[in-house]
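Thanks for asking me to look this one over. Here is my note, set out point by point.

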Amino acid sequence: EHADTLGARDELAAAYLAAGQNSDAISLYRRTLADRERAQGARHPQTMTTRHGLADSCLADGRAKEAVAVYKRVVSDRERVLGPDHLDTLTARNNLGTAYQKTAKTAAAELACQQAWAGFERVLGPRHPDTLRSRAGLAQVYRQLGRYGDARALLRDTTDRLERILPDGDPLVAELRRELADIGEE
């Protein structure tokens, strides 16, 4: 239960996730989370990071309902310990919105994504890539809600802003252009 050992296990779990070995990542994150809670406490920043990794792994594995429950805990703990405008809290809230979207809880997804976007904009400004990525996530929720005009307008503006700050050929810009084409914008 040494902090370095737990950190190495987190890194290995993240590598499993990056390699698409989601079940291995989930298993290792769960084991590491239990050890971190015992050794460091449930609200230690590294424990919260491990829990966030578990949520990411669950979402990647198609376990969106489980991911929602874990992300909710991460958001709650990070708000309490780090504050609502800490970047780790905002990232967790944004990911919670994505998980809600995957479970078709679109009202909850919309609220979480709006709150994350507003927070990123407050902390990083309106032109930061993380703020713009968060806006793109909200546009995807609008699309799922059938609010195509809102989705199109937000995607168009977000894509234009990202094109000005990201390198040519960035995959996010290409993805957003495809999404615009899917909802009737070329």
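The points below go from the overall fold to three single residues.

1. A word on the source before anything else: this is a predicted model, and the values below are computed from it.

2. The fold is easy to summarise. The protein has nine helices and zero strands, and reading along the sequence gives α-α-α-α-α-α-α-α-α. With a radius of gyration of 17 Å, close to the 16 Å that the globule rule gives for 186 residues, the protein is as compact as a globular protein of that length. If you want a box for orientation, the C-alpha trace spans about 55 × 35 × 30 Å along its principal axes.

3. On packing, 44% of the 186 residues count as buried. Taking contacts between residues at least 6 apart in sequence, 55% of them join residues at least 24 apart.

4. For the surface and charges, the accessible surface comes to about 9,200 Å², and carbon and sulfur atoms account for 48% of that. There are 28 positive and 28 negative charges, and the mean positions of the two sets lie 5 Å apart.

5. Arginine 135 deserves a look in your viewer. Where does arginine 135 sit? It is part of helix H7, which covers residues 129-144. Is arginine 135 buried or exposed? Its relative accessible area is 7%, under the 20% cut-off, so arginine 135 counts as buried. Its side chain makes a polar contact of 2.7 Å with the side chain of aspartate 157. Leaving aside residues up to four places away in sequence, arginine 135 touches Trp117, Leu154, Asp157, Thr158 and Arg161.

6. Alanine 104 is the one to check for backbone geometry. This residue is in the loop between helix H5 (87-102) and helix H6 (106-124). Most residues other than glycine have a negative phi. Alanine 104, however, has a phi near 65 degrees, a positive value in a residue other than glycine. As for accessibility, alanine 104 has a relative value of 56%, which is over the 50% cut-off, so it counts as exposed.

7. Last comes glycine 184, in the segment after helix H9 (171-182). Glycine 184 has a relative accessible area of 61%, again over 50%, and therefore counts as exposed. How far is glycine 184 from valine 81, in sequence and in space? The two are 103 residues apart in sequence, and their C-alpha atoms are 44 Å apart.

Conventions: Residues numbered from 1 in each chain as written. Predicted model: local features only at pLDDT ≥ 70, side-chain atom pairs only at ≥ 80, totals over all residues. Heavy atoms only, no water. Helix = DSSP H or I, 4+ residues; strand = E, 2+ residues; numbered from the N terminus. Rg over C-alpha atoms; globule rule 2.2 N^0.38 Å. Buried < 20%, exposed > 50% of the residue type's maximum accessible area, 1.4 Å probe, protein only. Contact = heavy atoms within 4.5 Å. Areas by Shrake-Rupley, 256 points an atom, 1.4 Å probe, with all protein chains shown as cover. Lys, Arg positive; Asp, Glu negative; His and termini not counted. Charge placed at Lys NZ, Arg CZ, Asp CG, Glu CD. Polar contact = N/O pair within 3.5 Å; in protein donor to acceptor, adjacent residues only side chain to side chain.
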